Structure formats: C-alpha cells, structure tokens
Amino acid sequence: MNIVGITSCPSGVAHTYMAAEALETAAKAQGINIKVETQGSGGTENTLTADDVKKADFVVLSNDTELSGLNRFKGKKVVQMSTTQMIAKSGALMKKLQSMVK
C-alpha cells in the first residue's frame with residue numbers, strides 16, 4: 001500500500017514535523033510505503049511528485065491551517081485530521097487504511 005500526505009500547522013514548526021514523523025513511524029511499523037510533504041514556516045519540503053500521487057492508495061492531510069496544492073489529489077481517497085489528532089492516532093489510522101484495501 002502507498003500513502004502520501006501533507007502536514008502543516010499555524011506556526012509551521014513543531015506540530016508540522018511531529019505529525020509527519022508520527023505518520024512515517026506508524027506506516028513503517030506496518031510495512032506501508034509513505035511519503036509526507038511538509039508545508040512549514042521554511043516553505044515546502046519533501047515535495048510530492050506527480051508519480052507519488054499517482055501511485056497513492058490514500059492521501060492523508062494533517063493540518064491546522066490551509067494547505068496549498070490540494071488540486072493534485074482530485075479523484076483520490078483523502079483522510080483529513082488535525083496535527084494533534086494525527087500525532088496521537090497515526091497508528092490506528094494506518095491500521096484502518098490498511099484494512100480498507102484488503
């Protein structure tokens with residue numbers, strides 16, 4: 001299974017990267033391929049490519065502020081949570097998404 005995601009918080013620092021790390025850790029623990037773009041105060045990092053998006057089974061958005069570039073996910077299954085929720089529940093989310101593709 002392949003997942004792409006974007007994380008962002010109002011300050012663009014702590015929660016942006018904490019949510020990205022939580023997603024990556026939870027996905028790795030369950031053998032899921034994931035790539036997470038961060039839209040932080042320093043700009044966009046780890047930018048998702050068109051190929052990343054094309055291969056994705058799900059898109060996970062973890063944000064507390066407006067995200068840019070959402071049009072590239074048209075037609076994809078999208079899950080959206082706040083960064084605080086994602087930090088706390090990323091493992092459960094990965095299990096749920098994995099059960100949806102089996």
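Buried means under 20% relative accessible area, exposed over 50%, and partly exposed in between (1.4 Å probe, protein chains only). The model is predicted: local features need pLDDT of at least 70, side-chain atom pairs count only at pLDDT 80 or more, and totals for chains, interfaces and linings use all residues. Residues are numbered from 1 along each chain as its sequence is written, and side-chain values use heavy atoms, with hydrogens and water left out.

**Exercise 1. Find the salt bridge within helix 2 and classify aspartate 51 by accessibility.**

Step 1. A salt bridge is a side-chain nitrogen of Lys or Arg within 4 Å of a carboxyl oxygen of Asp or Glu. The structure holds 3 salt bridges.

Step 2. Lysine 55 and aspartate 51 form one of them, with 3.1 Å between the closest N and O atoms. Both residues lie in helix 2, 4 residues apart, about one turn of the helix. Helices (H or I, at least four residues) and strands (E, at least two) are DSSP runs, numbered from the N terminus.

Step 3. Aspartate 51 has a relative accessible area of 40%, so this residue is partly exposed.

**Exercise 2. Which parts of the chain do the salt bridges of lysine 35 and glutamate 37 link?**

Step 1. Lysine 35 pairs with aspartate 52, the closest N and O atoms being 2.8 Å apart. This pair links distant parts of the chain: lysine 35 is in strand 2 (residues 33-40) and aspartate 52 in helix 2 (residues 50-55), 17 residues apart. Lysine 35 is partly exposed because its relative accessibility is 23%; aspartate 52, at 21%, is partly exposed.

Step 2. Glutamate 37 forms a salt bridge with arginine 72, again described by closest N and O atoms 2.8 Å apart. Glutamate 37 is in strand 2, and arginine 72 is in the loop between strand 4 (58-63) and strand 5 (78-81), 35 residues apart.

Step 3. Glutamate 37 has 2% relative accessibility and therefore counts as buried, whereas arginine 72, at 27%, is partly exposed.

**Exercise 3. Give the strand order of the sheet and place the helices on it.**

Step 1. Two strands pair if DSSP finds at least two bridges between them. The 5 strands form an open sheet in the order 3-2-1-4-5, with mixed pairing. Strand 3 (43-45) and strand 5 are the edge strands, each pairing on one side only.

Step 2. Strand 1 (residues 2-8) pairs with strand 2 in the parallel sense over 6 bridges. Glutamate 37 in strand 2 is the bridge partner of isoleucine 6.

Step 3. Contact means heavy atoms within 4.5 Å. Helix 1 packs on the sheet and touches strand 1, strand 2, strand 3 and strand 4; its direction makes about 180 degrees with that of strand 2. Helix 3 also packs on the sheet, touching strand 1, strand 4 and strand 5, and its direction makes about 170 degrees with that of strand 4.

**Exercise 4. Are helix 1 and helix 3 roughly parallel or roughly antiparallel?**

Step 1. Axes are lines fitted to C-alpha atoms, for helices over the stretch in contact, and angles run from 0 to 180 degrees between N-to-C directions. The axes of helix 1 (residues 14-29) and helix 3 (residues 83-100) come within 8 Å and cross at roughly 5 degrees.

Step 2. Angles under 35 degrees count as roughly parallel, over 145 as roughly antiparallel, 65 to 115 as roughly perpendicular and the rest as oblique. Helix 1 and helix 3 are therefore roughly parallel.
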